[in-house]
Structures are given as structure tokens and as C-alpha cells.
Amino acid sequence: MIVLGLESSCDETAAALVEDGRRVLADVVASQHEVHARYGGVVPELASRAHVVNVVPVLRTALERAGVGLDQIDGVAVTCGPGLIGALLVAVQTGKALAWARGLPLVGVHHLEGHLAAVYLEPEPPPMPHLALIVSGGHTALARVEDHGQVVELGRTRDDAAGEAFDKGAKLLGLGYPGGAVIDRLARTGDPRAVELPRGMIARSAGDDFSFSGLKTALLHHVRARGVPEGQALADLCASYQAAIVDVLVAKTRRAARREGLDHVQVCGGVAANGALRAALRAAGAEDGLTVHVPPPARCTDNAAMIAAAGYHRLRRGERAGLDLNATATLPLPRRSAHA
Ligand code: KG4
Ligand code: ZN
């Protein structure tokens, strides 16, 4: 069964073809980073316009690379939320048009369910149930994954997402957008203990929720007092800032895994591409007897292969969206009340 995935929830226009929810035939991503870089963040209207321009070429390229004709596709999966409404609508409308024109089954996929499915494309996917740390530009959550499409959120950020913390920190330091990868690179030669920064809500009593806005403010105060450093001092500040984010993510993930009695953990979303986070989680996993699953960096950030993989399971269960499928900007995961 070949599923076409389409994704346009933020600043990536993506199309992919995946066979049987496992084998990636093509995975094409057109990034708009250059469009938004000068504004230091995603400008929704510019994102929508760029998606409209890119979606058909990206779809064509995916079909060409896979060597697959439209007549060989068995179903269409589109991200229907959460995300920027005008951006989401582009993939949703394209998917609906294709499904209608070719008489194909259509399903809408939750963007975070898509991120969770990226790791199912790997040779050894995590067994069900498992714990998931979802860390992207728009979301930070701990979730219990019972089965494909069956996710219960245990905790989430109360303010900024982890990726947002990286991006806002990078903006403050004049490092451009998106800043996560830049901080990751600069931090490699820095001392993570050089600058003392707060670890928001790291205490057990804070439960599974996160908070990163205090860290951003602490960086702002540091920069106001001392200016933006250069050279080694900049690397040290990046490493310290990154460590403050990573320490919190790792501590809370370990604690949740132990409490939930889950010994497989997956990490997904753009921040899962972070070298320090990957290394720290693997080290913590080795200590705690946890198996840590992380997709390759290119499948951590937004792509459509993950949407096709998640859509495959929905289609197989017989789920079908009608042509009234709509995009939804806010689409929370089902939530379980926080533990003390
Ligand atoms: O999952 P994603 O592509 O989009 C959303 O669904 O939000 O995540 C993008 C986020 C951005 O905030 C970006 O700065 C961050 O992921 N990111 C990273 C790295 N690569 C991307 N953050 C830290 N280290 C990285 N290497
Ligand atoms: Zn995403």
C-alpha cells in the first residue's frame, strides 16, 4: 500500500511516498528558512504564499524520485493540524483535490502523531507502549504512546516550546533563524558550566509540565548586563544555554519513564536533532536501562514521510476523511492529568 503524505503546517512544504508505513520511496522537503530568516521567525502570510508556490513542484519531485505514477497511489494523508491555519490549508486542499480527482481514500493526520511516526520508519522501531518526548518549534510534551494513533499527553510546556527557547535565545544572540542548529554547532566547543542559568520546573513536584520562558529571560538579563559575547565566550554561553534546556528535558523524561514503567523512549520533533540532547538521553538511557529511539536528524524536523507513515495506520484501520476535512490551528493531544 503506497501512501502519499503532504505536510505544510509551518515553514516546510513536504511530500513523500511511503510503502506499507515502513519503506520510504521518496521524501522531499522545500524549506522556507530563507524567506523568514530576515524577520527572525516565521511570518504566517509569507509561509502560506510560499506553500502555494512550492506544493505542486514538491509533489511532482516526490513522484519522480519514487518512480511512482498517481495511478499507483493507494491513499493520501495530510497534516490537518495543529499549525498555522493558512499554511495547513495548502496541504489539506491539495490532498483533498488529489483524493477527489483520483478517487483515493484520504485521512487527516495530527502533526505530532506525524512526528511520533518518524521513528517507525527506522529499522528497529520502539515497541508499544512507549514513552515519547516531543520537542519541536511549536510543542514540547511528554506522552504515553499506547499504539499507533493512540497517544495520551502526560505533560507539556506552560509557555515556550523547547525549539522556541532555542530560536529566541539564538535571536537574542544575533545568530539568525532558525537558531537551534546554530546553537547546537557553536555549543560543541563551549563549556556548558561557564554561565549559570535556571532549569525551569525541573523539580519532581512540577510534574511532567515544562517551562522555558524563565531561561529566555535569564539570557536576556545576562546579555543586557554584559553584551553579546564573541569567540570562546559565545561558545560557552551557547553551551550553557543549551545545557539548561537539555538538563530539564532529560531529567523529566527519565523520571516519567521510571514512573510509567516504560523502558523504551522515543524522542521526536526538530529539537531531537540536537547533538547534546541525543547524547545526554543515550547516556541516561544506558544508566537507567532505557532504550532510546531517535529518528535521523532530517526526520526530526518537519517532513512528509512521517505524515505518510502515520496516515498508513489510520487508512489501514479503515479511517476515511470526507471532502469536508478542515485544517485546525489548535488541536491538543488527549491529556491525562499530571502526576505529583
Ligand atoms: O519539528 P520542527 O521542524 O517544526 C515544528 O513542528 O515546530 O522543529 C523546528 C524546531 C526549531 O525551533 C529549530 O530551531 C529546532 O527545531 N531545531 C533544533 C535543531 N534543529 C532544529 N534545535 C536544537 N538543535 C538542533 N540541532
Ligand atoms: Zn513539526
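Q: Ala, Val, Leu, Ile, Met, Phe, Trp, Tyr, Cys and Pro count as nonpolar, Asp, Glu, Lys and Arg as charged, and the others, Gly among them, as polar. What does the shell around ligand 1 have, by class?
A: It has six nonpolar, eleven polar and three charged residues. This is a predicted model, where local features need pLDDT of at least 70, side-chain atom pairs count only at pLDDT 80 or more, and totals for chains, interfaces and linings use all residues. Residues are numbered from 1 along each chain as its sequence is written, chains are lettered from A and ligands numbered from 1 in the order written, and side-chain values use heavy atoms, without hydrogens and water.

Q: Which residues around ligand 1 come nearest?
A: G137, D167, D184, N274 and D302, out of 20 around the ligand. A residue is near if one of its heavy atoms lies within 4 Å.

Q: What makes H115 a polar contact of ligand 1?
A: The term needs a pair of N or O atoms within 3.5 Å. An N or O atom in the H115 side chain is 3.1 Å from a ligand oxygen, so the pair qualifies. The S136 side chain also has an N or O atom 3.5 Å from an oxygen of ligand 1. At G270 a polar backbone atom is 3.0 Å from a ligand oxygen.

Q: How much of the accessible area of ligand 1 does the protein cover?
A: It covers 90% of the 560 Å² that the ligand has on its own. The areas come from the Shrake-Rupley method with a 1.4 Å probe.

Q: Which elements give two or more residues to the shell?
A: They are α4 (111-117), α5 (162-172) and α6 (180-187). Helices are DSSP runs (H or I, at least four residues), as are strands (E, at least two), numbered from the N terminus.

Q: Why is ligand 1 said to lie between two domains?
A: Domain 1 (2-116 + 300-316) and domain 2 (127-294) both give residues to its shell, so it lies between them. The bounds come from an automatic or database domain assignment.

Q: What makes the bonds to P129 and P178 stand out?
A: Most peptide bonds are trans. The bond from M128 to P129 is cis, with omega near -10°. Y177 and P178 are also joined by a cis bond, with omega about -10°. P129 lies in the loop between α4 and β6 (130-135), and P178 in the loop between α5 and α6.

Q: What is the phi of D20?
A: It is near 50°, a positive value in a residue other than glycine. Most such residues have a negative phi. D20 lies in the loop between β2 (12-19) and β3 (23-31).

Conventions. Polar contact = N/O pair within 3.5 Å; in protein donor to acceptor, adjacent residues only side chain to side chain.
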